[in-house]
Amino acid sequence: MLSGVRAQAQGQLKKEISVSIHQKALSQALKEISRKGGFTFSYNTKILSGDSLVNVDAAGKPVLQILEQLLGKWV
């Protein structure tokens, strides 16, 4: 059962979406990515500051690639 969940999660990371985020809080950017991707995810606010301002422009890019742009080494 757990492998099925893992496969589904991997599929969500491959899903291609488009976002244009400029000077928004990381928490808002992640909500936008979640909404466009049709999924939810959570993160530890002790590691990632949800109020950090971020920028990302992506057209038809996999969610994983967008998260890598936003979060760098934390992905």
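What follows is a conversation between a student and a tutor about a predicted model of a protein.

Student: What makes up the secondary structure of the protein, and in which order do the elements run?

Tutor: The model is predicted, and its secondary structure comes to three helices and two strands. Starting from the N terminus, these elements run α-β-α-β-α. Of the 75 residues of the protein, 28% count as buried.

Student: Why are α2 and α3 called roughly antiparallel?

Tutor: The two helices pack at an angle of about 175 degrees, with their axes 12 Å apart. Angles over 145 degrees count as roughly antiparallel, and α2 and α3 are therefore described in that way.

Student: Which residues make the contact between these helices?

Tutor: From α2 the contact takes Leu 26, Ala 29, Leu 30 and Ile 33, while α3 brings Val 63, Ile 66, Leu 67, Leu 70 and Leu 71. By class, this contact of α2 with α3 has nine nonpolar residues, and it has no polar and no charged ones.

Student: How do you know on which side of α3 the buried residues lie?

Tutor: The buried residues of α3 are Val 63, Ile 66, Leu 67, Leu 70 and Leu 71. They cover an arc of only 115 degrees around the axis, and that puts them on the same side of α3.

Student: Why is Leu 71 called buried, when Leu 64 is called partly exposed?

Tutor: Both residues belong to α3, for Leu 71 is found in this helix, which covers residues 63-71, and Leu 64 lies in it as well. Buried means a relative accessible area under 20%, and partly exposed is the range between that and 50%. Leu 71 has a relative accessibility of 14% and so counts as buried, whereas Leu 64, at 31%, counts as partly exposed.

Student: What do Leu 71 and Leu 64 have around them that is distant in sequence?

Tutor: Leu 71 and Leu 48 are 23 residues apart in sequence, and their C-alpha atoms are 8.5 Å apart in space. Leaving aside residues up to four places away in sequence, Leu 71 touches Leu 26 and Leu 48. For Leu 64, the C-alpha atom is 6.5 Å from that of Lys 14, and these two residues are 50 apart in sequence. For the protein as a whole, residues 24 or more positions apart account for 65% of the contacts with a separation of 6 or more.

Student: What makes the pairing of Glu 32 with Arg 35 a salt bridge?

Tutor: The rule asks for a side-chain nitrogen of Lys or Arg within 4 Å of a carboxyl oxygen of Asp or Glu. In this pair the closest N and O atoms are 3.0 Å apart, so Glu 32 and Arg 35 form a salt bridge under that cut-off. The side chains of Lys 36 and Glu 32 also meet in a salt bridge, at 3.7 Å from N to O, and through shared partners Glu 32, Arg 35 and Lys 36 are joined into one network. By this rule the count comes to two salt bridges.

Student: Why can these side chains reach each other along α2?

Tutor: Glu 32 and Arg 35 are three residues apart in helix α2, residues 26-37, which means a separation of about one helical turn. Lys 36 and Glu 32 are four residues apart in that helix, and they too are separated by about one helical turn. An α-helix has 3.6 residues a turn, so residues three or four places apart point the same way.

Student: Are the three residues of this network called buried, partly exposed or exposed?

Tutor: Exposed means over 50%, and Arg 35 has a relative accessible area of 57%, so Arg 35 is exposed. Glu 32, with 21%, is partly exposed, and Lys 36, at 36%, counts as partly exposed too.

Student: How do you know that Ser 34 of α2 is buried?

Tutor: The relative accessible area of Ser 34 is 10%, and buried means under 20%, so Ser 34 is called buried. Not counting residues up to four places away in sequence, Ser 34 touches Phe 39, Thr 40 and Phe 41.

Definitions and conventions
Residues numbered from 1 in each chain as written. Predicted model: local features only at pLDDT ≥ 70, side-chain atom pairs only at ≥ 80, totals over all residues. Heavy atoms only, no water. Buried < 20%, exposed > 50% of the residue type's maximum accessible area, 1.4 Å probe, protein only. Contact = heavy atoms within 4.5 Å. Axes fitted to C-alpha atoms, helices over the stretch in contact; angles between N-to-C directions. Parallel < 35°, antiparallel > 145°, perpendicular 65-115°, else oblique. Nonpolar A, V, L, I, M, F, W, Y, C, P; charged D, E, K, R; others polar. Arc of directions from axis to C-beta.
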